[in-house]
There are 4 protein chains.
Amino acid sequence: MIEEVKSSFAKQGFMKTLGAEIVHLEEGCLKIRCKKQDSLTQQHGYFHAGVLTSLMDSACGYAALTSMSKGSDVLSVEFKTNLMRPAKSEVIIATGTVIKSGKTLVFCEAKITDEKEETIFATLQGTMICLKN
Amino acid sequence: MIEEVKSSFAKQGFMKTLGAEIVHLEEGCLKIRCKKQDSLTQQHGYFHAGVLTSLMDSACGYAALTSMSKGSDVLSVEFKTNLMRPAKSEVIIATGTVIKSGKTLVFCEAKITDEKEETIFATLQGTMICLKN
Amino acid sequence: MIEEVKSSFAKQGFMKTLGAEIVHLEEGCLKIRCKKQDSLTQQHGYFHAGVLTSLMDSACGYAALTSMSKGSDVLSVEFKTNLMRPAKSEVIIATGTVIKSGKTLVFCEAKITDEKEETIFATLQGTMICLKN
Amino acid sequence: MIEEVKSSFAKQGFMKTLGAEIVHLEEGCLKIRCKKQDSLTQQHGYFHAGVLTSLMDSACGYAALTSMSKGSDVLSVEFKTNLMRPAKSEVIIATGTVIKSGKTLVFCEAKITDEKEETIFATLQGTMICLKN
């Protein structure tokens, strides 16, 4: 599913808008990198919580897709974000991980960290659904 | 707090990136309008779930700010998004509403609808925190 | 599905433990009543947040079941509870409502109020899944 | 805070109702054990999702309390439960862990596993608030 993930990710106009790129991809785990720009900030100049969530959502969705059978597509059902501290970092990494992959639903977790993956800024728990084409 | 909301919203570079504008603003309720662009899409060409969440997060945050005392600032603590159907609409409205305003925490709900506010695409429940300057 | 809801509810040993009873049941909406007992409290003598959540979960699950085709069964996928104020009430009502019923997933909302349904103590947003027998 | 945790837990009538007992307690982490009884089941005879959530909520609340200053009390603000598979186990363990402890809010995660802590049945992400007495 590696090629399918890359191809689907490339179709997400919004990931381009965020300047987001996949920097790690294996079955059940995907990492996305994003660099701070003025176009991504909230009122104090840090990454907007919506940017963090968008990156974690895509990271989970595509981590989920790697666990599905060929020809599947993925949609988000729900996710919850907890924001632990302002994301004061020039570069952030969103890591999405599959926790439980069922036939229909895939449960994933994600986190936003600094580039060294030392400080956690936000976490997400979410459910993805498998669509058969 | 109306002026403070407008001024803070204007500082969110990310809202500009989304082409988002406040179209309604009263105490405890705020509506944001967003028009579809290729730069905001997921892989099927609909609004990315992250865009929907970003709009609902800002709508809740600023609805919460209207309920706080002068000089306060607001940050998101957590929020959860449920996605009910693909947001197949040219224009969407994010409505954020204060449900319970405490001294420190403000609990809000939001929804994404089409422009006529007839079809609900997504909902959000979230907690905002009041920061004293 | 009315009979199926009542019969399944009666099988939930835990609802008996909570002294919970269905007081309203129509398609897409169900209300459960629960009376305060020392066996249901947290450390300050109010209803435990887990009791509130359990009632809202069952209210949503069975509201969802009323919207499913005959012979279906229901399981909770996820839910999120926001606690707005301590549930200082002798009797509480959990109201579960179907917001969007799909073929596989049903999205529901619930709230806990006092008996007159005037004060909201907690809310829940959750996803239920339809199991075919 | 160890004594304060034990004393507060003992006041939760609802934990007694669940037959729940603290089996591990250190700063930032607490484990609760619960044995299956007919009084705790949903319609298929497994642990009710509300029981799982109640245990995780208390595990998080008291894990949070261990991270607070002496004389503090704790309340749940919000939590979200994801249910990964039916909790088909005679004994379950709820583990609550502090992820980020702030002055006012403490962010925690919890999981429900079998007694050997090998299989995860459910997870929870939640926010606790510190009350000063």
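How many bridges pair strand β1 (residues 21-26) of chain B with strand β2 (residues 29-35) of chain B, and in which sense? In the predicted model described here, these two strands pair over five bridges in the antiparallel sense, where strands count as paired if DSSP finds at least two bridges between them, and where helices (H or I, at least four residues) and strands (E, at least two) are DSSP runs numbered from the N terminus. Residues are numbered from 1 along each chain as its sequence is written, while chains are lettered from A and ligands numbered from 1 in the order in which they are written. Because the model is predicted, local features need pLDDT of at least 70 and side-chain atom pairs count only at pLDDT 80 or more, whereas totals for chains, interfaces and linings use all residues.

Within the pair formed by β1(B) and β2(B), Leu25(B) is placed opposite Leu30(B). The two strands make a hairpin with two residues between them, and Gly28(B), which lies in the turn, has a positive phi of about 85°. On β2(B), antiparallel pairing with strand β4 (residues 91-101) of chain B extends over seven bridges, and Cys29(B) faces Thr97(B) of β4(B) there.

These strands belong to an open sheet of 12 strands, antiparallel in its pairing, whose order is β1(A)-β2(A)-β4(A)-β5(A)-β6(A)-β3(A)-β3(B)-β6(B)-β5(B)-β4(B)-β2(B)-β1(B). Its edges are formed by β1 (21-26) of chain A and β1 of chain B, each of which pairs on one side only. With direction ignored, neighbouring strands of this sheet are turned against each other by 20° on average, axes being lines fitted to C-alpha atoms, for helices over the stretch in contact, and angles running from 0 to 180 degrees between N-to-C directions. Chains A and B are joined within the sheet by strand β3 (residues 72-83) of chain A and β3(B), which pair in the antiparallel sense over five bridges, with Asn82(A) opposite Glu78(B).

Contacts between the two chains involve 28 residues of chain B and 27 residues of chain A, a contact being counted if the C-beta atoms of two residues, placed from the backbone, lie within 7 Å. On the side of chain B that touches chain A, at least two residues each come from α1 (2-11), α2 (13-17), α3 (49-66) and β3 (72-83) of chain B; β3(B) gives the most, with eight residues.

Helix α3 (residues 49-66) of chain A has 18 residues and reaches 26 Å from its first C-alpha to its last, close to the 26 Å expected at 1.5 Å a residue, the expected span being 1.5 Å times one less than the number of residues. Since 18 of the 18 residues of α3(A) are buried, this helix is largely enclosed by the rest of the structure; a residue is called buried if 20 or more other C-beta atoms, placed from the backbone, lie within 10 Å of its own, exposed if 12 or fewer do, and partly exposed in between. α3(A) lies across β2 (29-35), β3, β4 (91-101), β5 (105-114) and β6 (120-132) of chain A together with β3 of chain B, and runs at about 140° to β3(A). For α3(B), the strands crossed are β3 of chain A together with β2, β3, β4, β5 (105-114) and β6 (120-132) of chain B, at about 140° to β3(B).

Chains C and D contribute to an open sheet of 12 strands with antiparallel pairing, in the order β1(C)-β2(C)-β4(C)-β5(C)-β6(C)-β3(C)-β3(D)-β6(D)-β5(D)-β4(D)-β2(D)-β1(D). Strand β3 (residues 72-83) of chain C runs antiparallel to β3(D) and is joined to it by five bridges, Glu78(C) standing opposite Asn82(D). Nine of the 12 residues of β3(D) are buried, and this strand also pairs with strand β6 (residues 120-132) of chain D in the antiparallel sense over 11 bridges, Ser76(D) having Met128(D) as its bridge partner. In chain C, nine bridges join β4(C) to strand β5 (residues 105-114), which run antiparallel, and a hairpin connects β4(C) to β5(C) through three residues.
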